[in-house]
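Work through the three exercises below with the model on screen. Try each task before reading its solution.

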Amino acid sequence: MSERLVELEVLRYNPETDSKPHFQRYSVPCREEWVILDALNQIKETIDATLSYRWSCHMAVCGSCGMMINGEPKLACKSFVRNYDGVIRVEPLAHFPIERDLVTVIDDFMGKLARVRPYLIPREAKTVEQGEYRQTPEELKRYKQYTLCINCMLCYAACPEYGLIPKFIGPAAISMAHRYNLDSRDGGRELRQEEIAASEGVWECSFAGACSEVCPEHVDPAAALQQVKIASTIDWFKEHLMPWLKK
Amino acid sequence: MAEKVTRRPYVREVPRTRWFFRHPRYLRYMAREVTCLFIGAYTLLMVVGLHRLAQGRASWEAFLEMLRSPWSIAFHGLALGFSLYHTITWFNLTPKALPVQIGEGFLPDAVIAGAHYAVWALLSLILLKLAGAY
């Protein structure tokens with residue numbers, strides 16, 4: 001089993017004693033197949049038990065271990081140590097306040113996610129006796145890609161607009177709204193449009209495309225946002241230029 | 001009794017004017033956005049040309065003479081290069097905004113971007129024909 005000593009520079013912040021964050025260097029004996037998360041676990045178990053970070057599944061499903069690795073938003077469980085040379089710099093996800101060490105405050109995202117109503121609002125309510133809401137494979141394919149989001153918030157850490165304008169609802173939440181808007185069983189688009197078609201919504205997006213570049217699940221949030229812009233523009237034209245179409 | 005929790009989240013400020021130096025992908029994005037200025041400048045030049053044309057023959061010929069200056073040729077070369085960069089980067093993004101679903105699949109990105117290039121070429125040919133280039 002090959003092992004090598006890897007230098008990790010980790011941003012530390014203790015709200016009880018520190019006025020601002022600082023880097024702390026660790027030399028960690030790492031095995032060939034280890035990811036950054038393994039190295040952090042090794043630090044916590046054998047070097048420094050005070051290091052705080054979030055993780056859970058270790059298999060790119062839970063979306064908890066998002067952090068900046070050499071300045072790039074990454075899942076620590078999906079980033080192999082062997083792919084990095086020299087000192088590896090590990091920081092909390094950019095654009096989020098730091099709670100402690102690598103743990104960020106994610107209340108802003110959670111609030112925005114709830115605002116876009118990321119759940120099925122049935123077109124017509126059915127009783128259990130009336131049966132299930134059925135869908136063809138084609139109708140499923142239409143939105144399937146957007147269901148893959150794991151809410152890891154890497155896209156928020158990459159999005160320059162979110163960094164500059166924190167009220168922007170942002171890539172993942174709008175993609176999630178788009179996912180339900182595209183669902184043939186759903187009838188909640190008008191409710192969601194109030195949030196996502198507003199200026200804090202999709203119109204803060206300038207299509208930098210960074211969200212899609214860093215997305216570990218290839219959801220392509222940038223695509224969802226551009227599609228929401230087009231659909232909202234069509235709404236506007238229908239409402240203002242073709243008023244006779246109004247119900 | 002639970003211990004009192006101290007919360008004092010630390011906010012890292014994003015530099016307002018230098019943020020795009022933080023990562024090459026932000027620089028690429030700014031390059032795509034800033035190159036539109038050259039398209040704008042060229043459009044202004046066209047408007048000036050129209051204005052000179054309306055002023056009469058002497059004014060129009062002076063305008064044409066100005067276009068032949070080395071500065072003007074340098075500007076045209078630059079504007080052409082940047083306009084191409086702007087157009088190509090945007091065309092290559094069109095498949096994201098305009099997915100076309102056929103059954104359980106989607107049209108390949110190359111077809112959607114390719115259609116934009118085809119229409120671009122067609123319109124350019126029509127314009128060149130109208131301008132008497134061939």
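The exercises go from chain A as a whole to one hairpin, and then to the contact with chain B.

This is a predicted model, where local features need pLDDT of at least 70, side-chain atom pairs count only at pLDDT 80 or more, and totals for chains, interfaces and linings use all residues. Residues are numbered from 1 along each chain as its sequence is written, while chains are lettered from A and ligands numbered from 1 in the order in which they are written.

**Exercise 1.** Describe chain A by its secondary structure, extent and burial.

Solution.
- Take the elements: chain A has nine helices and seven strands (DSSP runs numbered from the N terminus; helices are H or I with at least four residues, strands E with at least two).
- Take the extent: the C-alpha trace spans about 70 × 40 × 30 Å along its principal axes.
- Take burial: 39% of the 247 residues count as buried (20 or more other C-beta atoms, placed from the backbone, within 10 Å of the residue's own).

**Exercise 2.** Analyse how β3(A) and β4(A) pair.

Solution.
- Locate the strands: β3 of chain A covers residues 66-69, and β4 of chain A covers 72-75.
- Assign the sense: they pair antiparallel over four bridges (pairing needs at least two DSSP bridges).
- Pick a bridge: A:M68 has A:P73 as its partner in β4(A).
- Inspect the turn: two residues lie between the strands, and A:N70 takes a positive phi near 50°.

**Exercise 3.** Break down the contact between chains A and B.

Solution.
- Count residues: 28 come from chain A and 18 from chain B (contact means C-beta atoms, placed from the backbone, within 7 Å).
- Find the elements: on chain B, α1 (24-34) and α5 (94-97) each supply at least two residues.
- Rank them: α1(B) gives the most to this side, with three residues.
- Sort by class: the chain B side has nine nonpolar, four polar and five charged residues (Ala, Val, Leu, Ile, Met, Phe, Trp, Tyr, Cys and Pro count as nonpolar, Asp, Glu, Lys and Arg as charged, the others, Gly among them, as polar).

Terms used. Two residues are in contact if their C-beta atoms, placed from the backbone, lie within 7 Å. A residue is buried if 20 or more other C-beta atoms lie within 10 Å of its own, exposed if 12 or fewer, and partly exposed in between; C-beta atoms are placed from the backbone.
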